[in-house]
Amino acid sequence: QVQLVESGGGLVQAGGSLRLSCVASGSIFSINSLGWYRQIPGKQREFVARITNGGTTNYADSVRGRFTISRDNAKNTWYLQMNNVKVEDTGVYFCVANAARPYWGQGTQVTVSS
């Protein structure tokens, strides 16, 4: 079992920055990769970014160049640095740990105002 807790969401103006955190606990050794998804109102949950144990990163086209995923193994924490945010980045952000099965956090709300 893996437990994930996100934090760092909030209200930010367009063009600003926000850093989301995801703290993992439990069977951390079983995690192959950690990703971030978001649920935008009226749309399906969509992929945002992912980082593998080897450090390989992938990004959705809509966030590439603005968002950065990283990790601190000592703290069992993954981050999503969001720069130059846009109104369309508004949504609930979830971290997901990929192990034998995916484990999801509870989500954190990000609201970008114009």
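Which residues of strand 1 (residues 2-7) form its covered face, and which its uncovered one? In this predicted model, the covered face of strand 1 consists of Val-2, Leu-4 and Glu-6. Gln-3, Val-5 and Ser-7 make up the uncovered face. Such a pattern has a general basis: side chains in a regular strand alternate between the two faces of the sheet.

Strand 1 is joined to strand 3 (residues 18-26) by six bridges. The two strands run antiparallel. Two residues of the covered face of strand 1, Leu-4 and Glu-6, illustrate the register. Leu-4 has Ala-24 as its bridge partner in strand 3. Glu-6 is partnered there by Cys-22.

This pairing belongs to an open sheet of four strands, in the order 1-3-8-7 and with antiparallel pairing. Strand 1 and strand 7 (67-72) lie at the edges. Each has a single partner strand, so one side of each lacks a neighbour in the sheet. From one strand to the next, the twist averages 20 degrees.

Strand 8 (residues 77-82) includes Thr-77. Is this residue buried or exposed? Thr-77 counts as buried because its relative accessibility is 7%, under the 20% cut-off. The side chain of Thr-77 reaches the backbone oxygen of Lys-75 at 2.8 Å. Beyond its neighbours within four places in sequence, Thr-77 is in contact with Ser-21, Cys-22 and Val-23, as well as with Arg-71 and Asp-72. Of these, Cys-22 is also the bridge partner of Glu-6. Thr-77 thus has contacts that include Cys-22, a residue of strand 3.

A further set of pairings centres on strand 11 (residues 108-113). The covered face of strand 11 holds Thr-108, Val-110 and Val-112. Its uncovered face holds Gln-109, Thr-111 and Ser-113. Strand 11 pairs with strand 2 (residues 10-13) and runs parallel to it, with four bridges joining the two. Within this pairing, Leu-11 stands opposite Thr-111, a residue of the uncovered face of strand 11.

Strand 11 also pairs with strand 9 (residues 91-98). Here the sense is antiparallel, over three bridges. Tyr-93 has Thr-108 as its bridge partner in strand 11. Thr-108 is on the covered face of that strand. Strand 11 therefore takes part in both kinds of pairing, parallel with strand 2 and antiparallel with strand 9. In general, strands of a sheet pair through backbone hydrogen bonds, either parallel or antiparallel.

Terms used:
Residues numbered from 1 in each chain as written. Predicted model: local features only at pLDDT ≥ 70, side-chain atom pairs only at ≥ 80, totals over all residues. Heavy atoms only, no water. Buried < 20%, exposed > 50% of the residue type's maximum accessible area, 1.4 Å probe, protein only. Polar contact = N/O pair within 3.5 Å; in protein donor to acceptor, adjacent residues only side chain to side chain. Contact = heavy atoms within 4.5 Å. Pairing = 2+ DSSP bridges. Axes fitted to C-alpha atoms, helices over the stretch in contact; angles between N-to-C directions.
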